[in-house]
Amino acid sequence: MKILVIGGGPVGLYCSLRFKMKYPSSDITIVEKRSKYTRDQILLVKRPFFSKLPKNVRGELWGVQKKGCYIDAPPLTKNARCLYRSKDLNMSIRTADLEISMRNEANKMGIEFIEMEITEDSFKELYREYKPKFVFGCDGANSVVAKVLNTEKKVEPTFYGMGVTFRTDTPIQKTKSLLSSPQHRYRGFSSQTKDGYVGINISKKEFEDTKNVENLAKNALKFYGFDDTKDIKTWKFEINPGVVDKVCKGKIYLIGDSALTTHYFTASGVNMGFECVDYLYDNISKKDMCKNYKKFIISLHDLSSQAIENVDLKHKKTLAKCNKLDKKKVKEMSITKGITTHLPFKELCYLVKDML
Ligand SMILES: Cc1cc2nc3c(=O)[nH]c(=O)nc-3n(C[C@H](O)[C@H](O)[C@H](O)COP(=O)(O)OP(=O)(O)OC[C@H]3O[C@@H](n4cnc5c(N)ncnc54)[C@H](O)[C@@H]3O)c2cc1C
């Protein structure tokens, strides 16, 4: 069986590995335009998907022996790392680390890679030549495969965000698994270098107010306890989550961001992509697959819209809960649990509140 995967990002790689494990004699080819994986954003990957990855990938990212705490955050105590993981059983992984590890495994499993930026014409040509049984369009939000299917994206009412990049001498690598909690207004990401990025969920009013930029950035950095920042750059942006009206045709399926983009504060984009893969993995040879897959995507889309509303609601609820907590007890608890104390109260509270 021949499978053509367009796009070797997290979803295309996950898809290829899963199908290769299910059908070891299949010929799988991935067409990917990038020669190097460098994206630094930290992805929250839900445990059920992570646990379906090949043992080598899991081992490389988390360690397969023991309980598997994040092996790449040395300055944090083991307790702090486990605490975060055991709290919601999700993994925080730098996008490029996940991609590189999956790609190395794909190479070992005999999955072929073609480095090329596909266009509508070259896609049609490759399709004719390769004669695949299935094509999986995993080429992201500006998908060429979606264009070939002639899809239109229905966009949700717009949301707003703000980005802050900065440099710091604080070794933020150590906080990366703590920083990517999606339950509140701020999402912080660190890179392997000393550069940092914080995303802020902002309202329409905040988006339109041109004077408040500096304050918003200052508060976000204060939230994470960075007080020695330099080279701060800020920008505001619109967020347009949406779903395409046609997700498959014949042998061609859209998977991941090519079919469905979500508000990134919900930390669901890559997880929804993995969920699409798992659905196809279980059902690909069943009757009426395309019709059923469409229903499935719509249900995911509805979930994602609810999740967007829930982010704000959760943020408000958690803050209300935190405000009622005894500050001294929260500090004591975080020290006992080995959580890095340079995090400000609200962040500590998010981490220990369920244990109080
Ligand atoms: C700041 C930020 C934080 C996020 N945090 C989370 C999180 O915590 N949890 C979560 O679940 N999601 C998160 N997301 C969303 C997540 O990054 C995306 O949903 C996910 O990357 C989608 O994966 P994908 O493989 O479908 O698409 P992409 O990651 O866009 O990958 C598409 C791949 O196709 C390749 N490609 C594109 N066009 C072509 C072409 N014409 N020819 C050949 N190759 C092509 C690209 O090079 C790329 O490798 C976040 C997003 C951002 C921006």
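How many bridges join β7 to strand β12, and in which direction do the two run?

## Open sheet

In this predicted model, 3 bridges join β7 to β12, the strand of residues 242-244, and the two run antiparallel. Within this pair, K153 has V244 of β12 as its bridge partner.

The pairing belongs to an open sheet of 3 strands, arranged in the order β7-β12-β15 with antiparallel pairing. The edge strands are β7, covering 153-155, and β15, covering 260-261, each of which pairs on one side only.

## Shell around the ligand

The ligand is surrounded by 30 residues, of which G7, G9, G140, G256 and G269 come nearest. Two or more residues of the shell are given by each of the elements α1 (10-22), β2 (27-32), β3 (42-46) and α11 (269-283), and the largest share, 4 residues, comes from α11. Sorted by class, the shell comprises 11 nonpolar, 13 polar and 6 charged residues.

Where does the ligand lie with respect to domain 1 and domain 2? Domain 1 (1-33 + 116-156 + 243-318) and domain 2 (40-96 + 157-239) both give residues to the shell around the ligand, so the ligand lies between them.

## Surroundings of D228

D228 is placed in the loop that lies between α10 (213-223) and β11 (230-239). Is this residue, D228, buried or exposed? D228 counts as exposed because 10 other C-beta atoms lie within 10 Å, where the cut-off for an exposed residue is 12 or fewer.

Although D228 and F166 are 62 residues apart along the chain, their C-alpha atoms are separated by 9.8 Å.

Notes: Residues are numbered from 1 along each chain as its sequence is written. This is a predicted model: local features need pLDDT of at least 70, side-chain atom pairs count only at pLDDT 80 or more; totals for chains, interfaces and linings use all residues. Two strands pair if DSSP finds at least two bridges between them. A residue is near a molecule or strand if its C-beta atom, placed from the backbone, lies within 6 Å of it. Ala, Val, Leu, Ile, Met, Phe, Trp, Tyr, Cys and Pro count as nonpolar, Asp, Glu, Lys and Arg as charged, and the others, Gly among them, as polar. Domain bounds come from an automatic or database domain assignment. A residue is buried if 20 or more other C-beta atoms lie within 10 Å of its own, exposed if 12 or fewer, and partly exposed in between; C-beta atoms are placed from the backbone.
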